[in-house]
Amino acid sequence: MQCKYCGTQITKKDTRCPQCGRAIVRPEKNIRPIAIAGVVIAFVGSAFPMIMNSNADLKFQPAFGFMNYESPWMWYSFLLLCVLSVVLCAVKLEKFSIAPTAILGVLCGITYNNVCLRHGAPGMVMGLAPILIYAGCAIGVIGVFLDVLKFKKKEISTDYRYTGHKTVWQRIYIYRWFYLMFLPVLVFVIIFNYLPMTGLRYAFMDFKSGSEPSYVGIKHFVDMFGLSEISKLSSKQFMRAFGNTLTLSVIKLAMNTFAAVLISLLLHEMKNIYFKKSVQTIIYLPHFMSWVVVASIFKMALSANDSGLVNSLLMSLGVIDKRIDFLTSNNLWRGVYYVVNLWKDTGWGTILFLATLSGISPELYEAADIDGANRFNKMRYITMPALANTIITVFILNLAKVMNLFESVFVMYNPSVYDTSDVIQTYIYRQSFASSGTPNYGYTTAVGLFKSLIGCILVLICNKASKKVRGRGIV
Amino acid sequence: MAQTTAVYVKKKRKLKPFDIVNAIIFIAISIVILLPIWKVLVDSFDATSGYGLSFLPRKFTAEAYRMAISRADLYRPFLISILVTATGTFVGLMLSTLGAYVLIQWEMPGRNFLSYVLLFTMLFSGGMIPTYIVMMNLHLTNTLWSVILPMGINVYNLVLMRNFFEGIPASLDEAAKIDGCTPMGIFFKVVLPLSKAALAAIGLMFAVSYWNDYTNFKIYITNNSLFNFQMKLRSMVMDSDLPMDDGSLSPNTLQNAAIIIAMIPFMIIYPFCQDYFVQGVNVGAVKE
């Protein structure tokens, strides 16, 4: 940070500029997110049971919350108030969002009281819902107050750069056709992105095809993490899938990035432009094949029959004396998976690095030549620092997608290697579409919700990191 | 001075050992990438069931390809792939350009809100099963709409398109406005003709993802007659679900031919459009 008046560098702790002695005005931090976070906590809380059976072995079966409360209007108005609060905060009218947030608490209290009167029995304990909702309401109201206090101090300035002197309504009238143009996009987003989000309520329900969904509270999450005796088995599969997802995608990411950097460094040294162009064309090629095609090619190449390319090659070189079935061996599957990923995506990954490398000024290299630097020195002191930022960017961009691993595994795995290859998405797929019994969409939705949440946290962390490293976020 | 220039030129012409090693490395990499593909191509023309180390067909036959053209259960998935790719690319381009054009209207009230609505979907999603249930309730499963429509809205491509559009000078927009052009008119007569490169780059990205789509088909479509070529290829290679009428052709030949057919359209198009693809990647990550 620099002083506004004299431009000297100042540290975080200084209150006055050491050079000119003026007081330092720091930009106010935005605390509206606190209010929104409070409402979101309350919203999440409303999905949990208000009271439930304390006996874990009954899988928390008798559980009562907003969702199976006799009059659904309570829950609907609760959700409506949540949305209202968030929207009020978002359009900078956070002062007024205190009212809906407070009413949230009141609604929760009324419902809790009624639920206790009707279903309260010995052995029932309070669930997570009241705690989360009250905490959320408190955080929301406090957040608004912090914001209002700040608001009083802030001087009001309007940015006339874009708005001109027209009122909002006049501008809306001017842009009326643009809203119409945006309508198709909005309809698509709402149907295919937001409507499924409302389906996340099934994570708290038992939902088998052919029967009505029934509310079971946090039973599925208890099952996932093996908190009750009965659920140890299904939890083991879930945990295995979770572990595999992290291992496979993180190692794949590290290997692909490393290989891409190495290849782009070597490719950048290539002097002959035609040779370089043709190499680029060849190494980008596999990126355009679908995973099905890639898996098929490698099934042919790795096959243990006479026609298998790799086995025949290894046999004739004398490396092995018996044909290996690569894709059905738990020890080898991961290695094959990483190699196939390298084969498909390393070339494509070099594009960004090559763009950065071609942006380095050749004068730097010439200056280094005059100073007597050798190839290694030039790489160490010119190329690597220039490339570091891009490497971190690529790493961050891909780290956000760690949980999305699906198709590449799905087309390459088979029942004999589930131990090392099953990832969360394939686990969800198998449980819902390929299981022998009636699939419980509730359970798979719960697993999906967990995956989405982890993915969301990862994106937010990467976004923060990206802002730190290169000054702009990834979303 | 003259001497240094001479030295520089001489230095450039000299082929160092490093350059030779470098060239050898890249020839090796190219061979590693091309060899499996070449092997598949060779085996698709080989009537014998294929030997691991034969890099030219032993007994040449094009029977597999003739079969693919003449048999309905083989060319129908191919036609469905083309249909889905064409429709999907059109839908995707339409939505991306419309959305991107609205998002560059800086003075429009609610522009920020609308872009947050879009960006939030990159942050959080309902996931596989809730989406499936929505599709089921809309009665879209087992129709081709279920694979065309969800992929039509791609927020990443939309943002990419917005980045392209921001490069169009605002003065053109204003000039058209002063001449009495409607927003739709500006969109079709000014913005779209100026962004042909962007349309090509993003259109190709859409086309590749539709052609290569397997996941959506696997989840939403259970009707055999609506499978695209990726699904057909999968069942041919993994489940050996092959159309066999006489013994003239080994299953291996047919499987290899199916792989080649599945990848051939983009293998032909791609070398001519390489620059558009590369441009798309670079605009997405480097520039703002």
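These legends describe close-up views of a predicted two-chain model. Local features need pLDDT of at least 70 and side-chain atom pairs count only at pLDDT 80 or more, while totals for chains, interfaces and linings use all residues. Residues are numbered from 1 along each chain as its sequence is written, and chains are lettered from A in the order in which they are written.

**View 1. Confidence and overall form of chain B.**
The predictor gives the complex an ipTM of 0.89 and a pTM of 0.80. For chain B, the mean pLDDT (the predictor's confidence in each residue, from 0 to 100) is 85. In chain B, 91% of residues reach 70 or more. Where pLDDT is low, predicted coordinates should not be read in detail. Chain B holds 14 helices and zero strands; helices (H or I, at least four residues) and strands (E, at least two) are DSSP runs, numbered from the N terminus. The radius of gyration of chain B, taken over C-alpha atoms, is 25 Å. A compact globule of 288 residues would have a value near 19 Å, by the rule of 2.2 Å times the number of residues to the power 0.38. Along the principal axes, the C-alpha atoms of chain B fill a box of roughly 80 × 70 × 35 Å.

**View 2. The contact between chains A and B.**
Chain A puts 77 residues into the contact and chain B puts in 76 residues. Two residues are in contact if their C-beta atoms, placed from the backbone, lie within 7 Å. Helix H7 (residues 176-198) of chain A gives the most to the chain A side, with 13 residues. That side of chain A has 51 nonpolar, 18 polar and eight charged residues. Here Ala, Val, Leu, Ile, Met, Phe, Trp, Tyr, Cys and Pro count as nonpolar, Asp, Glu, Lys and Arg as charged, and the others, Gly among them, as polar.

**View 3. The sheet of chain A.**
Three strands of chain A form an open, antiparallel sheet in the order S2-S1-S3. Strand S2 (63-64) and strand S3 (124-126) of chain A each have a single partner strand, so one side of each is left without a neighbour in the sheet. Two strands pair if DSSP finds at least two bridges between them. Two bridges join S1 (residues 51-53) of chain A to S2(A). Met52(A) has Ala63(A) as its bridge partner in S2(A).

**View 4. The kink in helix H15 of chain A.**
Helix H15 (residues 375-399) of chain A has a kink of about 45 degrees at Met384(A), shortly before the proline Pro385(A). The bend is the angle between axes fitted to the seven residues ending there and the seven starting there. The buried residues of H15(A) are Leu387(A), Thr390(A), Val394(A) and Ile396(A). A residue is buried if 20 or more other C-beta atoms lie within 10 Å of its own, exposed if 12 or fewer, and partly exposed in between; C-beta atoms are placed from the backbone. Their cover includes helices H9 (232-269), H13 (333-358) and H19 (441-470) of chain A.

**View 5. Helix H8 and the H6-H7 loop of chain B.**
Helix H8 (residues 155-165) of chain B has eight of its 11 residues buried. Among them are Asn157(B), Arg162(B) and Phe164(B). The loop between helix H6 (128-137) and helix H7 (145-152) of chain B holds His139(B). Asn142(B) lies in that loop too. Phi is positive at His139(B), about 60 degrees, and at Asn142(B), near 65 degrees. Neither His139(B) nor Asn142(B) is a glycine. His139(B) counts as exposed, with 10 C-beta neighbours inside 10 Å. Asn142(B) has 14 and counts as partly exposed.
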